[in-house]
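Q: Please take a close look at one helix of this model and at what comes just after the helix, in words that a first-year student can follow.

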Amino acid sequence: GFFHTVLVLFLLCNVCFNYALCVCTRNKGERYDVVVRELADCMGFLYPESEEEMREFKQDFEDKLIHRSNMRRQRALRAEAAADAEQQQRQQQQQQQQNGNGDSSVTNVDSTQSQISTNAASNGQMNETQLQPSARPPLSSLPSTPARTQPPPRLYGWMLLGPHEWGYCNYSKQPKPPRSHYDHVMKCLCLNMDHYCPWMFNVVGYFNYRYFCNFLFYVFLGMLYAATITFYPFYEITGTHKHHSRKWQREHPDEVREREQETPVVFAFMISLSVGIAVFCLLSFHAYLVFTAQTTIEFHGNMSKKRRARERGTSWINPYDLGWKDNFKQVYGSMHPILAMLPSSREPEFFPFPINGELAKRRHTKSKEEVKGNRSRDKTMSTTAISMGSTASSVPRRRVGASDPERVALIV
């Protein structure tokens, strides 16, 4: 009894806590701005401050997308032209084979036609159709069936960018960090956007994805426990006490009174079993996404990238995948997995994606030694900049994410 009460309260508190935080945690506002600025500083991205810089960044982004889409279109046209040339070559080979077979049968056709004409002339019953040989249309005049060409897959702007390139959001009018998307329901740009959940009344993204996964996990545990404790009563109800006679019911009134509780037990078992199976399927899918460093949006985009890579005879690798252990830390942090699953309102420890092939911690989660090292490095950089004088101000800063021919070659 005590263990049952404690376990039920533990599961209920975790379900309510994670659901409340998943609903109330917003993926916009001051927290979003802080993470974006920290991410820009960590990546060396020159975040546009003025309207002129924003217009320049937008123009660079649009030019980059146009250039890459044109290159992709030219590559598709070259592939289509090569396929057409190969098809024409096969048709010519088939025509040559058919012409070779037709020449050998010409003599047989002429001899049969001469016999028919002599027989018809002798009988005097020759038809006009018999005088004319059967016309064979040339193979070149036959209509050729057009090859079925599949429509090209729909490509979005973020699918033309590199894994660490910044874009521009036309809805929010601001730079778009990698792995971020605009949610049209919440009207905000969300980091690591997974999907909009109508049951949560919120978009699931960088700040509340851990609460969403924990909510599914504890709901599944609760349904599993409910189905376990109601299975034996459900089995007893459906297996026995079903075909007893009225005499037995008069002799056992206590057990008959217990039969009035059959409906709640059956309802509890069926609800817990059905909800548990549905939540388990959703939990399994998101566990796969967590351990492979993907979101629901990226899952569909990566499927098309893998398909195109197979058509080219190559393989495609997820650039955010660091192994299942680091992928788990990307969402839950570096603490022990069991402790990471307990209720906590802490912010994400790492940035939304790995930088330079490894996990990158945010400023508020770094240790004192790391903070001191960064401060000393900043001091040395500032002293060197001051010693350079006016020459340092004349050197233009590079905007990461603008037109980069090396990244164009890698993506297209």
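A: A residue is called buried when its relative accessible area is under 20%, exposed when that area is over 50%, and partly exposed in between, using a 1.4 Å probe and protein chains only. The model is predicted, so local features need pLDDT of at least 70 and side-chain atom pairs count only at pLDDT 80 or more, while totals for chains, interfaces and linings use all residues. Residues are numbered from 1 along each chain as its sequence is written, and side-chain values use heavy atoms, with hydrogens and water left out.

The part chosen here is α9, residues 262–291, where helices are DSSP runs of H or I with at least four residues, and strands are runs of E with at least two, numbered from the N terminus. The expected span of a helix is 1.5 Å times one less than its number of residues, so the 30 residues of α9 should span 44 Å, and the 42 Å between its end C-alpha atoms agrees with this.

Along α9, the buried residues include Glu262, Phe269, Ser272, Gly276, Val279, Leu283, His286, Leu289 and Val290. An α-helix has 3.6 residues a turn, so residues three or four places apart point the same way.

Just after α9 comes Ala293, which lies in the loop between α9 and α10 (296–311). Most residues other than glycine have a negative phi, but Ala293, although not a glycine, has a positive phi of about 60 degrees. Ala293 is also buried, with a relative accessible area of 12%.
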